[in-house]
Amino acid sequence: EYSSCIYLSVLPTFLPRFDPWVENIPWRREWQPTPVFLPRESHGQRSLAGYSPCGHRIRSDKDNDIPIRYSITGVGADQPPMEVFSIDSMSGRMYVTRPMDREERASYHVSTYVMTVTANDADDATTANGMVRYRIVTQTPQSPSQNMFTINSETGDIVTVAAGLDREKVQQYMVIIQATDMEGNLNYGLSNTATAIITVTDVNDNPPEFTASTYAGEVPENRVEMVVANLTVMDRDQPHSPNWNAVYRIISGDPSGHFSVRTDPTTNEGMVTVVKAVDYELNRAFMLTVMVSNQAPLASGIQMSFQSTAGVTISVMDINEAPYFPSNHKLIRLEEGVPTGTVLTTFSAVDPDRFMQQAVRYSKLSDPANWLHINATNGQISTAAVLDRESLYIKNNVYEATFLAADNGIPPASGTGTLQIYLIDINDNAPELLPKEAQVCEKPSLNAINITAADADMDPNIGPYVFELPFVPASVRNNWTVTRLNGDYAQLSLRVLHLEAGVYDVPITVTDSGNPPLSHTSIIKVKVCPCDDNGDCTTVGAVAAAGLGTGAIVAILICIVMLLTMVLLFVVWMKRREKERHTKQLLIDPEDDVRDNILKYDEEGGGEEDQDYDLSQLQQPEAMEHVLSKAPGVRRVDERPVGAEPQYPVRPVVPHPGDIGDFINEGLRAADNDPTAPPYDSLLVFDYEGSGSTAGSVSSLDSSSSGDQDYDYLNDWGPRFKKLADMYGGGEED
């Protein structure tokens, strides 16, 4: 009985152990790789042929001519599981060397198909002329064996016949195939060759291996996402393929998960990275064991190498850590109003650097009301002022302050902590009366004044309130009465039948319900006024209620009338003065008024003979007495006489337009009496040449066009008179 069967494909192989002289012998396919059935649990060295009803030994049709040696390769032979089968190298008989388990492996295949080559022959395929046979001529490279492949001479199927295909050593083979007709007869047949390129594909038959057995790195405490060590590996498989890509895993030494090993996609290195902060005070070092594998599983029968694991030692560096407040935010409760200097609590920080001898000092970072003080050495907090729950710095009865704790490390580090103080209310605020002002009619009516109280405290230190009128002065209780409505409200109304209109200050004492209770007397200003039928104050009544009598009102009205009269008279006077200024005649004719006019200066007038000038006034006096002895009104214009000068009027900074005439008049009078001023229409001397001039008077020049005058002397006067000489010197010729 046969309970299971195993398929075996066995080929004759020509390995390096074959004699070299047989490599060019044509082989004919006389062996038959038919299925071979074996009973399970076969024991001992038993021949396969004995178990197969159609089995026979593997043989070549040339074994009678030349010595043939047989070998077997593949899974179960020279690949794991190893040595399940063996073959007699001389007879070609195969044997099972150990028991086999079908549940473990149901079949074995000991030969590998590569490719098929086909040659076409135009001759008749039924004759020898068209019968093509194939053979391998050469194989390049010839490593690890010169006969790594064989070809079926009739079908052209190429299969592997030798063990040792290793992509890491030889990645590609060039196999030259010869096709010969005449059934492969090399003497008579025609041949042609072709090249078969066989590429050896990669399998994951090389596990990754660390280049070192141990690695080391260091990391500062409290740092994350930091690479602390690079693990280098070697893998001989195809780079950047799943067979080469490394996958790292920490198998021991990191129970808390502080580290992970990530793969660099370019270098395939393992980067040991901190993913969870480490604490020097808890762990000074880590001893990790890291295993490396590939993305793809290893090929069947390949075991992991002992070099696929490595140890990684990581040292933790101690750094200066900031002090921290264990209770942050810290909440304390106390009553408001505690006296200054009261110790509230101790708000101390902890320095995590236990192995460093450092001191921690405290200071305030935020204290909005400046109510607190902290001891710089021990963190004791006391009050620097009275804490008031009703302060604007209190939110929801809580006062918040922030403190700083700093060590003296290098560099120094600091941490902050927040203290929250919940203030319990005490009855420290007396109630205040509301409203502060009110209005009632002078006769009792239904329009009483509703009053209440405001208290800055909170329950139970507020209402219900007690409203009372004081006994002093007695007029208060005589004229007014307070009626309680409920615990928070009361009504103030007139007790008498009539009260004179006016403003009255009514004191009312309000007492809260605190323990002990607090009282406060507030003044409410009540306007008492005559009212109409609707209970509203009349206009006259409102004035009367302001506290003014009839005489005072009349006096005020008289004063208002007098003030309006004075204002009216002043306006009339100003308008009259303005009119007078506009009607006043100026001293000069309006056509000659220089204000805002353009003056023409291009009128030259008559010559010197038309002017009556006394030219003697232009001469330099011989002595000062000559000036003093002159008759009044006769004076020189080129010298300053001796005597007092008149005072010219000073023009105001902002003159009135109507004052221009007066100003000109005064200036004219001063100029007439000024001996230093030149006379009207007189010549001013700018350059005096002295007496005894050889030149005659300018008045002696004759402008006549007659030829009686001789102008030749102009040529003797120099280059300045050359133009004049040219014009008049040759008058007769012209």
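**Strands, sheets and rings**

Q: Which residue in strand 23 stands opposite Thr346 in this predicted model?
A: Strand 20 (residues 343–346) and strand 23 (residues 380–383) run antiparallel to each other, held in register by three bridges. Look across from Thr346 into strand 23 and you land on Gln380.

Q: Thr345 and Ile374 each stand opposite a residue in strand 23; which one is it?
A: Start with strand 20: Thr345 has its opposite number in strand 23, and that is Ile381. Now come from strand 22 (residues 372–374), which pairs with strand 23 in the antiparallel sense over three bridges. Ile374 faces into strand 23 too, and the residue it meets there is Ile381.

Q: Which residue in the hairpin of strand 22 and strand 23 takes a positive phi?
A: The two strands pair in the antiparallel sense, and the hairpin has five residues between them. If you're checking backbone torsions, go to the one with phi near 80 degrees: Gly379.

Q: Which strands stand at the edges of the open sheet 20-23-22, and why is one side of each left without a neighbour?
A: Three strands make up this open sheet, and the pairing is antiparallel. An edge strand here has a single partner strand, so one of its sides has no neighbour in the sheet. That's the situation for strand 20 and strand 22.

Q: By how many degrees are neighbouring strands of that sheet turned against each other on average?
A: The order to follow is 20-23-22. Averaged over neighbouring strands, with direction ignored, the turn comes to 25 degrees.

Q: What is the pairing in the open sheet 11-18-17-14, parallel, antiparallel or mixed?
A: Strands of a sheet can pair either parallel or antiparallel through backbone hydrogen bonds. In this sheet, strand 14 and strand 17 (residues 285–294) go antiparallel over six bridges. Ala246, for one, has Asn294 in strand 17 as its bridge partner. For the four strands taken together, though, the pairing is mixed.

Q: Which strands stand at the edges of that four-strand sheet?
A: Neighbouring strands in this sheet are turned by 30 degrees on average, direction ignored. The edge strands each have a single partner strand, so one side of each lacks a neighbour in the sheet. They are strand 11 (214–220) and strand 14 (246–252).

Q: Phe149 and Tyr173 form an aromatic pair; is it stacked or edge-to-face?
A: The structure holds 11 aromatic pairs, and in this one the rings lie 5.4 Å apart, centre to centre. The planes make an angle of 80 degrees. Since the cut-off for the perpendicular-like class is over 60, the label is edge-to-face.

Q: Are Phe149 and Tyr173 buried or exposed?
A: Phe149 is in strand 6 and Tyr173 in strand 8, 24 residues apart, so the pair links distant parts of the chain. Buried means under 20% relative accessible area. Phe149 comes in at 6% and Tyr173 at 0%, so both residues count as buried.

Q: Over the ring of which residue does the charged end of Arg477 sit?
A: Rings also turn up beside charge in this model. The charged end of Arg477 is 3.9 Å from a ring centre, and that ring belongs to Phe471.

Q: What percentage of the residues in the protein chain is buried?
A: The chain has seven helices and 33 strands, and it exposes about 45,700 Å². Out of its 734 residues, the buried ones make up 32%.

Methods:
Residues numbered from 1 in each chain as written. Predicted model: local features only at pLDDT ≥ 70, side-chain atom pairs only at ≥ 80, totals over all residues. Heavy atoms only, no water. Phe/Tyr/Trp six-rings, centres within 6.5 Å; stacked < 30°, edge-to-face > 60°. Buried < 20%, exposed > 50% of the residue type's maximum accessible area, 1.4 Å probe, protein only. Lys NZ or Arg CZ within 6 Å of the ring centre and 35° of its normal. Areas by Shrake-Rupley, 256 points an atom, 1.4 Å probe, with all protein chains shown as cover. Pairing = 2+ DSSP bridges. Axes fitted to C-alpha atoms, helices over the stretch in contact; angles between N-to-C directions.
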